[in-house]
Amino acid sequence: MINLLLGLFGGVGLFLLGMTLLTDGLRSFAGDSLRKALLRFTGQPIKAFFSGTLATAVVQASSATTIAMIGFVSAGLLTFPRALGAVLGASLGSTGTGWLVALFGLN
């Protein structure tokens, strides 16, 4: 039982450390052009939804899109309501790639 709890707390601690490092990296890397691009692609809820769908379809991982949005919000580059549309679109993007494989096959 103790090993299970230590593993759980260790995993949560590593996740939080990673998110802190991601946030600090985004703050130092982000310029005005990145902020403007994020605001342009997430300006309206429907644009944020489709941007999240497209980003997830490209990288084929909704978790990557979600973690990037969390990092952008933590770094202050994006507001939570704008990021929420992209995260919801990420769910559609991950299922959309599965549908494309089902429709067209792997040939």
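**Exercise 1. The loop residue Gln-60**

Gln-60 lies in the loop between α3 and α4. In this predicted model, determine what sign its phi has, and whether Gln-60 is buried or exposed.

Solution.
Step 1. The phi of Gln-60 is positive, at about 55°, although this residue is not a glycine.
Step 2. For comparison, most residues other than glycine have a negative phi.
Step 3. The relative accessible area of Gln-60 is 60%. Exposed means over 50%, so Gln-60 is exposed.

**Exercise 2. The length and buried side of α4**

Establish whether the span of helix α4 (residues 62–74) agrees or disagrees with 1.5 Å a residue, and state which residues of α4 are buried.

Solution.
Step 1. Helix α4 has 13 residues, for which a span of 18 Å is expected at 1.5 Å a residue.
Step 2. The C-alpha atoms at its two ends are 18 Å apart, so the span agrees.
Step 3. Thr-65, Met-69, Gly-71 and Phe-72 are the buried residues of α4. They cover an arc of only 160° around the axis and therefore lie on the same side of α4.
Step 4. The cover over these buried residues includes α1 (2–29), α2 (32–41), α3 (45–59) and α5 (80–104).
Step 5. Just after α4 comes Gly-76, with a positive phi of about 80°.

**Exercise 3. Confidence in the model**

State the mean pLDDT of the protein and identify which element has the lowest mean pLDDT and which the highest.

Solution.
Step 1. The protein has a mean pLDDT of 85, with 99% of its residues at 70 or more.
Step 2. Among the elements, the lowest mean pLDDT belongs to α2 (83) and the highest to α3 (88).

Definitions and conventions
Residues numbered from 1 in each chain as written. Predicted model: local features only at pLDDT ≥ 70, side-chain atom pairs only at ≥ 80, totals over all residues. Heavy atoms only, no water. Helix = DSSP H or I, 4+ residues; strand = E, 2+ residues; numbered from the N terminus. Expected span 1.5 Å × (residues − 1). Buried < 20%, exposed > 50% of the residue type's maximum accessible area, 1.4 Å probe, protein only. Arc of directions from axis to C-beta. Contact = heavy atoms within 4.5 Å. pLDDT = per-residue confidence, 0-100.
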